[in-house]
Amino acid sequence: MSADRGLQFDEPPIFERGAPGRSGASLPGFDVPRVVPREVFGALSRALPAGLPEVSEPEAFRHFVRLSQQNFCIDTQMYPLGSCTMKYNPKVNEWAARQPEFLGLHPLCPDAYAQGSLEVMWRLSRMLCEVTGMDDCALSPAAGAQGELTGIMLVRAFHRAAGRSPRKVFIPESAHGTNPATCALTGLEAIKIPKSDDGLVHVEDVLRVLERESSDDVCALMLTNPNTLGLFESHLPAITKLIHDRGGLVYGDGANTNAIMGQVRPGDLGMDVVHINLHKTFTTPHGGGGPGAGPICFKSKLSPFAPTPVLVREGEHFRLDRDRPQSIGRVRAFQGNFGMFIRAYTYIREMGGEGLALASQLAVLNARYLWSQLRDTLDVATTQPCMHEVVLSDETLEKTTGVKTLDIAKRLLDHGFHSPTVYFPLVVKGALMIEPTETETKQTLDEFVVALKHIVEEAKTNPAVVKSAPHLPRLGRLDEARAARKPRLRWTAEPDGDNSPG
Ligand SMILES: Cc1ncc(COP(=O)(O)O)c(C=O)c1O
């Protein structure tokens, strides 16, 4: 064979090299020229192709694999982040969400052609109502925080429809910051219920605050259950009655539903509306306030105000109803994060009712095991055993050794554990909030206990090594405040360039 003849095949190549207007390869039939013709944008159009970097497939692949290896993730290590619940994401969820029939559906597709997807949403809504003991559900809010906002807007609309406009929302001191932030966003007033000695909200605590405030101005009580100290609010029915008697409604922050599935339901305890973080309880990827999902479930008295579009079932058909005169309106583009609904639905189908109840029991068992193993090592925030998360404190350790919660959290990285949530809830000094979830084995929990005990011992004998941790990860201790305020977002090409944040 002569060199100028080249190799000749009957089939043309799938990727054509050097297609017109492009420097790299292109797919036949998708040959969009990179330079838009001058007649389209005139003088504004580009004269030369954009100098986009061209990298080979192995280069791109290596880059992303290297990044993933530097990342600390739940696929490689325990991730005991309390409150944020880094629950595992079953791989079957990803399989389901990637089915072409779901993936390829345009969000503006007419209802008649999207019946399967609407049915999945409807079924998920019913399942969430069953878990929470509520009548109705709106899936669209994009995160727990947006669920709160939507729920409180429903409460406000309910009062307005009755010709009232109460402004006071009562919130325990230990609540997540998103609770008072929601009040601020809706123009309502957050009133603090001070923390009690045992960490629970008592009827007398609420009564005292209600009496101090003008009691005909009760818009709502916002209560997290189990609360952010990991305790079950056992006085709830009496408290909800107190609020209802004064015309207010009860908002349940259901971010911690992972602890109570199949055990008790917020609706049965007298709550009127509750949000659920699908990423905390139903194994969808963590949302970070954006691409997540924080559906709300509510009692039928709030249904007229539900955000549009409202998914309705008519016989065997499903329809998105936009004609809701009393609705608070749309809170999210399209129907919300549909991919998250598929994942949550898959998880619930995989587990079944009994499976979900068992998941909650194991989540509580695991956290209680850590509480019992660690209560003599560090200060514990609660004297009674916790539910799904255990909150420790650096109070004594800091006094005797100077080692703080942040140092412990950093040193845990050297032992192969992601840092737990730190300094939340604010009512606990130097809080270290650990949530193991149901999927960690006893062996992993024991390794975590050994690591924490080792660090506390080290704090007494060699505090400098704890205070300067972490020592093993690729980056040492960062100036986190500077990294947050002055992030360096560009990669510098110099081989010795400092690409660390801050
Ligand atoms: C108790 C509680 N409420 C509300 C939220 C807010 O949820 P999201 O992060 O989905 O906005 C969280 C998040 O961790 C939480 O723990």
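Is the crossing of α5 and α11 left-handed or right-handed? The crossing of these two helices is left-handed, a term that applies when the near helix is turned anticlockwise from the far one by less than a right angle, whereas a clockwise turn counts as right-handed. The model is predicted, so local features need pLDDT of at least 70 and side-chain atom pairs count only at pLDDT 80 or more, while totals for chains, interfaces and linings use all residues. Residues are numbered from 1 along each chain as its sequence is written, and side-chain values use heavy atoms, with hydrogens and water left out.

Helices (H or I, at least four residues) and strands (E, at least two) are DSSP runs numbered from the N terminus. The axes of α5 (residues 115–132) and α11 (residues 338–374) come within 10 Å and cross at roughly 45°; such axes are lines fitted to C-alpha atoms, for helices over the stretch in contact, and angles run from 0 to 180 degrees between N-to-C directions. That angle makes α5 oblique to α11, given that angles under 35 degrees count as roughly parallel, over 145 as roughly antiparallel, 65 to 115 as roughly perpendicular and the rest as oblique. In contact, meaning heavy atoms within 4.5 Å, α5 contributes residues including Val120, Leu124 and Leu128, which meet a set in α11 that includes Phe341, Tyr345 and Ile348. The residues of this contact divide into 13 nonpolar, 1 polar and 2 charged, where Ala, Val, Leu, Ile, Met, Phe, Trp, Tyr, Cys and Pro count as nonpolar, Asp, Glu, Lys and Arg as charged, and the others, Gly among them, as polar.

The strands form an open sheet of 7 with mixed pairing, in the order β1-β7-β6-β5-β4-β2-β3, and two strands pair if DSSP finds at least two bridges between them. At the edges lie β1 (136–138) and β3 (189–193), each pairing on one side only, and the twist averages 25° from one strand to the next. Within the sheet, β5 (residues 249–253) and β6 (residues 273–275) run parallel and are joined by 3 bridges, with Tyr251 standing opposite Val273 in β6. The helix α5 also packs on this sheet, touching β1, β6 and β7 (296–298), and its direction makes about 120° with that of β1. Helix α8 (residues 203–212) lies across β2 (168–172), β3 and β4 (218–224), running at about 135° to β3.

A further helix pair is α13 (residues 405–414) with α14 (residues 442–461), whose axes come within 10 Å and cross at roughly 125°. This crossing is right-handed.
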